[in-house]
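Hi there,

Here is the structure I promised to pass on to you. Have a look at it first, and then read my notes below.

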There are 4 protein chains.
Amino acid sequence: MDLNFQINKREKLSDQLYGQLLKKIVAGELKEGDKLPSENEIAQAFQVSRPVIREALMRLQADGLIYSRQGAGSFVKARPPEGLIKFTAPSDIAGLLRCFEARLPLEGAIASLAAQRATEEDLKAIESALIKMEDIMNKGAIADKADFDFHMAIANAAGNEFCVSILSTLHTAMRSGMRVALNITKTGSKERLKKVQEEHRTIYDAIAIGDVTAADLAMRYHIQSARTRLMNHQRGA
Amino acid sequence: MDLNFQINKREKLSDQLYGQLLKKIVAGELKEGDKLPSENEIAQAFQVSRPVIREALMRLQADGLIYSRQGAGSFVKARPPEGLIKFTAPSDIAGLLRCFEARLPLEGAIASLAAQRATEEDLKAIESALIKMEDIMNKGAIADKADFDFHMAIANAAGNEFCVSILSTLHTAMRSGMRVALNITKTGSKERLKKVQEEHRTIYDAIAIGDVTAADLAMRYHIQSARTRLMNHQRGA
Amino acid sequence: MDLNFQINKREKLSDQLYGQLLKKIVAGELKEGDKLPSENEIAQAFQVSRPVIREALMRLQADGLIYSRQGAGSFVKARPPEGLIKFTAPSDIAGLLRCFEARLPLEGAIASLAAQRATEEDLKAIESALIKMEDIMNKGAIADKADFDFHMAIANAAGNEFCVSILSTLHTAMRSGMRVALNITKTGSKERLKKVQEEHRTIYDAIAIGDVTAADLAMRYHIQSARTRLMNHQRGA
Amino acid sequence: MDLNFQINKREKLSDQLYGQLLKKIVAGELKEGDKLPSENEIAQAFQVSRPVIREALMRLQADGLIYSRQGAGSFVKARPPEGLIKFTAPSDIAGLLRCFEARLPLEGAIASLAAQRATEEDLKAIESALIKMEDIMNKGAIADKADFDFHMAIANAAGNEFCVSILSTLHTAMRSGMRVALNITKTGSKERLKKVQEEHRTIYDAIAIGDVTAADLAMRYHIQSARTRLMNHQRGA
């Protein structure tokens with residue numbers, strides 16, 4: 001296998017290594033069951049330290065793409081789902097996952113605040129985005145705008161203008177991630193479609209009854225699940 | 001309506017009020033759409049302060065049993081699901097919900113530790129309980145023992161003997177709650193059965209790949225969902 | 001007392017009410033021990049609903065400015081510390097507190113990621129900002145730039161470009177909050193100065209040894225404490 | 001150095017390895033600056049796998065006892081504080097730290113519930129334990145009973161009987177940990193004594209004003225700090 005990694009001074013080393021190994025799996029250079037190069041081989045080819053290599057491998061493992069066997073090394077577990085390959089450039093995947101990472105604690109907290117402070121009007125705006133999103137999905141179209149509007153309506157309900165500015169900062173990245181995720185959902189089974197809709201409705205319900213803990217949990221579970229759906233076909237396919 | 005509340009010196013006032021209002025809803029004395037007595041009427045009949053009344057009403061609202069309309073008071077939203085009424089004495093429901101409340105942060109943390117420390121052997125024990133639980137459920141029986149074993153196997157994998165002692169302390173209450181929840185699931189749709197099984201499998205998967213955040217989240221989402229299923233028919237029925 | 005509240009359509013009602021009551025306390029129109037207008041009086045003067053009033057009162061109570069006595073109403077507990085009055089316009093205080101609210105979960109998560117991923121170089125940048133901040137504070141000057149640099153160096157260490165963009169979005173508001181907090185610290189006792197420095201060092205130490213939980217906790221405790229110091233003289237004066 | 005490790009079938013391997021390395025540091029067999037045996041040497045002497053070794057080393061590092069230098073191995077950073085050595089058998093230290101680990105999320109959640117539900121009577125019980133504890137500490141005695149009573153009074157205020165049962169289960173281990181921690185505090189500086197008292201008072205204050213987030217945070221920060229004080233002289237000595 002070609003171990004000719006290119007280094008880009010401005011991007012984090014472990015991200016670059018992650019991206020390049022992912023690219024090889026996506027391209028089929030590394031197939032299911034194939035052994036990855038050893039830590040030694042990677043260290044020499046890429047000129048990076050062990051902690052950098054371990055972080056990249058750990059993320060590939062967390063994303064369900066490789067597994068490791070004690071003493072024997074790491075092996076390709078699965079090619080990313082067709083959807084991900086079809087709808088995203090491999091070089092964009094790591095960035096897309098980091099957007100989910102940043103959203104997780106942030107939007108959890110935003111949903112908690114919304115559960116404490118949402119007015120009747122706020123609830124109407126959230127539900128209206130939710131219904132629009134369900135309609136568009138049921139018609140087989142991509143509801144990334146309505147999806148973003150749903151999350152933004154919750155930020156508005158949090159009664160904290162900084163929550164709104166922060167989501168605005170993430171707007172482009174969130175919309176990209178949503179587009180990919182919704183494209184994958186669209187090509188999946190009907191159950192998966194219903195599951196995605198149910199996750200959104202659970203968030204709305206928790207905010208509507210003012211349950212702070214449930215709102216935080218439902219939002220974070222949704223973001224974590226969306227991330228998992230991107231990387232991992234078997235679950236909820 | 002009879003507002004003849006009985007006070008029990010040893011139980012928390014808001015719990016007693018919660019239990020007695022719940023009993024009236026379960027018994028059909030208060031029907032869907034009926035207006036609850038006003039805060040003033042409750043305060044006089046029960047001789048308790050406003051914060052006590054508000055806490056009890058807030059819990060009934062969080063449990064999806066009542067709703068409040070600005071200025072007009074509180075109204076019965078729904079009778080608890082048949083399952084809950086059939087399988088639990090009304091006087092036990094508040095205790096059962098408090099057990100879920102205590103388990104939520106605790107078992108979330110236990111799942112995180114298990115994701116960091118589970119050995120191959122630990123993972124086998126967790127998965128074996130999971131498979132047993134799925135088998136029993138698929139046969140239409142009540143898998144409360146296997147369900148508890150699943151949670152206990154995770155506590156064992158956390159590598160902290162205090163996690164094991166604490167779950168042992170909660171054993172009786174957890175088994176009761178699981179029995180009620182599984183009875184309700186059994187009488188529900190096939191999708192709900194699959195959903196309960198999937199929640200458990202998501203916890204196992206997160207621990208198996210060593211994802212600390214996902215394990216915490218999956219466990220807490222499961223416990224929160226189980227609690228919601230008890231009180232709330234419409235969701236995932 | 002003059003109950004002539006002005007309503008501004010674009011700001012949240014409870015924030016406006018909070019700000020106007022705060023202004024009266026700051027201006028000395030409402031003195032320590034004075035009874036606040038009743039919920040009824042506020043509702044009429046301000047034309048807002050009870051939940052809006054309760055939220056505003058709850059925040060004033062959380063900020064240590066008022067207390068409530070069962071049945072008797074709410075009373076002024078304390079005038080905000082001199083520092084806050086001297087260094088901030090009353091109309092800016094609510095916004096400043098909302099900035100702390102948004103930072104709490106966000107920067108906690110950022111510190112966790114930094115504990116997982118900080119390189120030697122990242123640690124040097126964090127420590128260098130920390131030392132600069134301590135030097136400036138020891139000379140009796142206001143270290144808001146070094147303070148912000150410290151938080152930004154941690155966001156850089158988190159290995160997630162969205163964390164950096166988000167802190168950039170909050171830059172102006174964070175610097176304002178830091179300036180007020182550091183001005184109050186400067187006029188306080190030597191112990192308080194040491195306490196603020198120690199909070200920052202505890203964050204650095206947790207990141208340096210890679211303790212994910214301790215880093216999250218130390219960061220959130222610091223932000224919560226900074227917020228408390230603003231509103232509440234007696235603690236750590 | 002003698003690498004003659006003894007294996008005990010019933011205790012977790014990484015805990016045993018942690019305990020035995022700790023014992024060597026406490027006994028002075030491994031002194032400040034000494035290099036620890038390599039992973040290879042430990043693997044052969046102890047017959048354990050690399051992940052087990054890494055976990056034990058990672059915990060020693062988290063406890064501030066060793067540090068590692070890229071490529072060069074791990075070195076002793078510090079002997080545990082005199083207090084810990086004087087007041088605890090080395091074989092008990094790992095267990096004591098695991099008790100803190102279990103308490104962290106649990107008591108955080110308990111403090112949150114207490115902030116929501118504490119009655120005037122509950123607050124009096126918490127404050128009375130706090131004052132007793134301060135008095136005993138100021139007289140130079142060991143206040144482990146009052147310290148436990150403080151935590152138990154908070155569990156009582158949480159309005160959830162399972163919180164009380166769980167703390168009862170942990171009673172012996174908590175009292176042991178408190179005894180050691182308070183003995184170390186007693187032999188420390190006056191500032192440290194004040195810091196410990198202030199941590200408790202901050203918890204009480206947050207519960208008293210009903211601030212759910214601050215109560216959770218203050219409790220967890222206190223438990224994390226107590227754990228750090230045990231293992232780490234330099235901080236707050």
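How many residues does the contact take from chain C and from chain B? The contact takes 5 residues from each: 5 from chain C and 5 from chain B. Please keep in mind that this is a predicted model.

Chain C and chain B bury about 260 Å² between them, and 44% of that lies on carbon and sulfur atoms. The count of salt bridges between these two chains is 0, and the count of residue pairs in polar contact, both at pLDDT 80 or more, is also 0. On the side of chain C that touches chain B you will find 1 nonpolar, 2 polar and 2 charged residues.

Now turn to chain A. Here 24 residues of chain C are in contact with 24 residues of chain A. Together the two chains bury about 2,100 Å², with 61% of it on carbon and sulfur atoms. C:Lys12, C:Arg117 and C:Phe162 supply 26% of the area that chain C buries against chain A, more than any other three residues.

C:Arg117 is also worth finding on your screen for its salt bridge with A:Glu55, where the closest N and O atoms are 3.3 Å apart. Across this interface there are 6 salt bridges and 11 residue pairs in polar contact, both at pLDDT 80 or more.

Three helices of chain C, α3 (50-62), α5 (90-117) and α8 (161-169), each supply at least two residues of the side that touches chain A. Of the elements, α5(C) gives the most, with 10 residues. That side of chain C divides into 11 nonpolar, 5 polar and 8 charged residues.

Happy exploring!

Technical notes:
Residues are numbered from 1 along each chain as its sequence is written. Chains are lettered from A and ligands numbered from 1 in the order in which they are written. This is a predicted model: local features need pLDDT of at least 70, side-chain atom pairs count only at pLDDT 80 or more; totals for chains, interfaces and linings use all residues. Side-chain values use heavy atoms; hydrogens and water are left out. Contact means heavy atoms within 4.5 Å. Buried area is the accessible area (1.4 Å probe) that two parts lose on being put together, summed over both. A salt bridge is a side-chain nitrogen of Lys or Arg within 4 Å of a carboxyl oxygen of Asp or Glu. A polar contact is a pair of N or O atoms within 3.5 Å; within protein, one must be able to donate a hydrogen and the other to accept it, and residues adjacent in sequence count only if both atoms are side-chain atoms. Helices (H or I, at least four residues) and strands (E, at least two) are DSSP runs, numbered from the N terminus. Ala, Val, Leu, Ile, Met, Phe, Trp, Tyr, Cys and Pro count as nonpolar, Asp, Glu, Lys and Arg as charged, and the others, Gly among them, as polar.
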